[in-house]
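Please open the structure in a viewer and keep the selection panel at hand. The tour proceeds by selections, each followed by a description of what is to be found there.

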Amino acid sequence: MNDLSATKTSAAAGTTPNNMAFSGLPLSPAALANLVSLGYTTMTPIQAASLPLALAGHDLIAQAQTGSGKTAAFALALLARLQTKKPDTQALVLCPTRELADQVTQEIRRLARSEDNIKALTLCGGVPIRNQLDSLAHGAHIVVGTPGRIVDHLERGSLPLASLNTLVLDEADRMLDMGFAEEIAAIAAQCPRDRQTLLFSATYPEGIEQISRRFLRNPREVKLSAQPNANKIRQRFYEVAEDQRLHAVGLLLNHYRPERTLAFCNTKAQCRDLVAVLQAQGIAALALHGDLEQRERDQVLIQFANRSCPVLVATDVAARGLDISGLEAVINVDITPDAELHTHRVGRTGRADAQGWAFSLASLDEMGRVGRIDEMQGRAGEFHPLTELTPTGSGPLCAPMVTLQILGGRKEKIRPGDVLGALTGSAGFAAAQIGKINVNEFSTYVAVAREIADAALRALNAGTVKGKRVKARPMEG
Ligand code: ADP
Ligand code: MG
């Protein structure tokens, strides 16, 4: 049985355009039409490699970098098998964090739009279990959750898995990093034996193989090399002395002026120091690291995604798995000792049709690491002098948008349209001046063009949202 030497599919390179069409898959016409309406015209390489196998019922180990479309690769497979008439839970997706579970649930709901009445439910820690018990009592075809909370429900008997036919381990590498191996084992033990198990991961550390051997049956392996699209990403290295490193990040930002940059540091302490240095230079930067509370993490990610914070500073662990796309630049503030990880970092930019920059700051001590990266990328890094970094534009880099926080969210039944209406209605702002609107449980965040931030704030505080007066305040980005 558990034969890991099973078929290996090497994807992408040899795949002809025809094989990249969703229409070649055994999916319902409604599902195919929905993909078109979502703008999914062709499969991503990991989807093309894994969907035929997953739809045929095979267990799967699929590895591809963040942002490669792994969610749809398992979501379409589990949706194809779903019997909506049966109220039982038929698919369970385990994710490392609440954020990722929320992202996965949203993507599943979008992909399920063509079918009536598919219920997908998120079950994560950090929220009262009461509400979850109520939701479960109404039935959920698909459950997406974090391992700890799922184990809780299994122990309470509130999540019957007898009808389960698909178990997905998403971001398996990160779940292992976070110490969830035992929970995963406990959950797998309660799933029917004849289920299908799909394992997705951005990297392929030792532990993944052990997990696969224990929980997967005769899995097919699909691995895509992490080589980012070299034509879309322009990489430059800068040699720095240790005491120039953090200052050099500001030089890069003020010279190239990318709208959104993800800056990677090797340690949390370095993240904190960099944010302080950038802020002192007048550049609004926010740090994402493991010490933040969930609410703070949400706020940081919202501000970065809605273009009101130009720089996100993160460790690799904090950034892993996040669906942050469309970045103009990635900065390697430190060179990572792991050449493959470097490639993953750099692959965060230059997605789809966009060009991206990848800058790396290397001290003499780090040249050995640069050498390993050169070797892996098959070419020598292009070094430029720091002195060529002169400020362009006027003043320090600043974001085009500002986030206003409205106290009141889902609990108050606020919807994005209510906020948009309040600002574009009698307040008179143009829809083009309003950016992303995120409604969380207790707060709503709306991005507005910097020029109108003060006026929009006054309008919100003076007017009403959904017929009620609200309090709003700007978030310092
Ligand atoms: P991963 O899990 O590999 O990190 P995601 O599943 O989060 O990647 O997908 C990254 C982004 O790509 C998402 O915004 C998703 O909506 C989009 N996407 C996925 N598949 C396709 C496709 N075939 N065509 C266009 N966009 C896609
Ligand atoms: Mg993912």
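The stops below concern a predicted model, beginning with the ligand and ending with the helix pairs.

**Stop 1: the shell around the ligand**

Select ligand 1 together with its surroundings; 15 residues make up the shell. The closest are Tyr-40, Thr-42, Gln-47, Gly-67 and Thr-71. Colouring the shell by residue class will show two nonpolar, nine polar and four charged residues. Next, display the cartoon and select helix H3, residues 70-81, and helix H4, residues 98-111; each of these helices supplies at least two residues of the shell.

**Stop 2: polar contacts of the ligand**

Which atom of ligand 1 lies 2.8 Å from a polar side-chain atom of Gln-47? Select Gln-47 and ligand 1, and the partner will be found to be a nitrogen atom of the ligand.

Proceed to Lys-70, where an N or O atom of the side chain is 2.9 Å from an oxygen atom of ligand 1. Then select Glu-107: a polar atom of its side chain lies 3.4 Å from an oxygen atom of the ligand. With these contacts on display, a surface view of ligand 1 is instructive. Taken alone, the ligand exposes 570 Å², and the protein buries 80% of that area.

**Stop 3: helices H2 and H3**

Keep H3 selected and add helix H2, residues 45-55. The axes of H2 and H3 come within 9 Å and cross at roughly 25°. Because this angle is under 35 degrees, H2 counts as roughly parallel to H3. The crossing in which H2 passes H3 is right-handed.

**Stop 4: helices H6 and H8**

Now select helix H6, residues 147-156, and helix H8, residues 181-189. H6 and H8 pack with their axes 9 Å apart, at an angle of about 40°. That angle makes H6 oblique to H8. Turning the view so that one helix lies over the other reveals that H6 passes H8 in a left-handed crossing.

**Stop 5: helices H8 and H9**

Retain H8 and replace H6 with helix H9, residues 206-215. Is H8 roughly parallel or oblique to H9? The two helices pack at an angle of about 15°, and their axes are 11 Å apart. H8 is therefore roughly parallel to H9. The crossing of H8 and H9 is right-handed, whereas that of H6 and H8, at the previous stop, is left-handed.

Conventions
Residues numbered from 1 in each chain as written. Chains lettered and ligands numbered in written order. Predicted model: local features only at pLDDT ≥ 70, side-chain atom pairs only at ≥ 80, totals over all residues. Heavy atoms only, no water. Near = heavy atom within 4 Å. Polar contact = N/O pair within 3.5 Å; in protein donor to acceptor, adjacent residues only side chain to side chain. Areas by Shrake-Rupley, 256 points an atom, 1.4 Å probe, with all protein chains shown as cover. Helix = DSSP H or I, 4+ residues; strand = E, 2+ residues; numbered from the N terminus. Nonpolar A, V, L, I, M, F, W, Y, C, P; charged D, E, K, R; others polar. Axes fitted to C-alpha atoms, helices over the stretch in contact; angles between N-to-C directions. Parallel < 35°, antiparallel > 145°, perpendicular 65-115°, else oblique. Left-handed = near helix turned anticlockwise from the far one by under 90°.
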